[in-house]
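Trainee: Could we go through the charged side chains in this one together? I'd like to know how each label is earned.
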Amino acid sequence: MRIVQLIYGLILIMFTACGSLGPTAETHVSSLKGIWTLQYEKNSQLGLSNEPVTLSFDQNSPSEIGGFSGCNLYGGNYTYSGDGMIKFSEIFSTKRACPDLDIENKFFELMNSVNRFEVKGNDLYLYKDKLLLMHFEK
């Protein structure tokens with residue numbers, strides 16, 4: 001009888017420990033609110049100038065985004081269709097002339113490709129289906 005209790009105890013500990021390994025993914029639109037900074041290679045900030053690339057979900061609007069794309073300020077809209085599904089649209093930017101605008105244009109291409117997101121703690125992951133496109137941090 002003691003062996004059965006010990007086995008049940010070990011199974012209970014195993015399930016409890018597995019549940020606390022890390023934050024679970026949030027896929028509700030409310031988890032997006034705030035300002036996010038684009039990350040790359042070992043959590044370094046990515047930016048074309050001294051300022052990092054950012055993505056901000058407007059606190060006062062249920063569908064507006066904005067931020068800094070490395071050279072220009074940008075804005076636009078998003079639609080949330082439930083369960084982590086998101087689509088960015090009508091993205092516009094200022095028209096400053098900067099070197100390496102190809103990098104900024106690639107950022108906008110990726111934004112237009114996003115169709116899904118996950119928030120895990122202070123990390124925002126943007127995907128096209130199962131392919132990770134960008135990682136942001138709050």
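**Salt bridges, step by step**

Mentor: Sure, and keep in mind that this is a predicted model. Start with Glu118, which forms a salt bridge with Lys120, their closest N and O atoms lying 3.9 Å apart.

Trainee: Why is the contact between Glu118 and Lys120 called a salt bridge?

Mentor: The cut-off is a Lys or Arg side-chain nitrogen within 4 Å of a carboxyl oxygen of Asp or Glu. Glu118 and Lys120 have N and O atoms 3.9 Å apart, so the label fits.

Trainee: What makes Glu118 buried?

Mentor: Its relative accessible area is 16%. Buried means under 20%, so Glu118 qualifies.

Trainee: And why does Lys120 count as partly exposed?

Mentor: Lys120 has 32% relative accessibility. Partly exposed runs between 20% and 50%, so that is where Lys120 belongs. Salt bridges with shared partners also link Arg116, Glu118 and Lys120 into one network.

Trainee: How do you know that Arg116 pairs with Glu118?

Mentor: Their side chains come to 3.4 Å, N to O. That is within 4 Å, so Arg116 and Glu118 form a salt bridge. Both of these residues are buried.

Trainee: What about Lys106 and Glu109: why are they about one helical turn apart?

Mentor: Because they sit three residues apart in helix H2, residues 101-113. Their side chains meet in a salt bridge at 4.0 Å, N to O.

Trainee: Why is Glu109 called partly exposed?

Mentor: Its relative accessible area is 49%, and exposed means over 50%, so Glu109 stays partly exposed. Lys106, at 43%, is partly exposed too.

Methods
Residues are numbered from 1 along each chain as its sequence is written. This is a predicted model: local features need pLDDT of at least 70, side-chain atom pairs count only at pLDDT 80 or more; totals for chains, interfaces and linings use all residues. Side-chain values use heavy atoms; hydrogens and water are left out. Helices (H or I, at least four residues) and strands (E, at least two) are DSSP runs, numbered from the N terminus. Buried means under 20% relative accessible area, exposed over 50%, partly exposed in between (1.4 Å probe, protein chains only).
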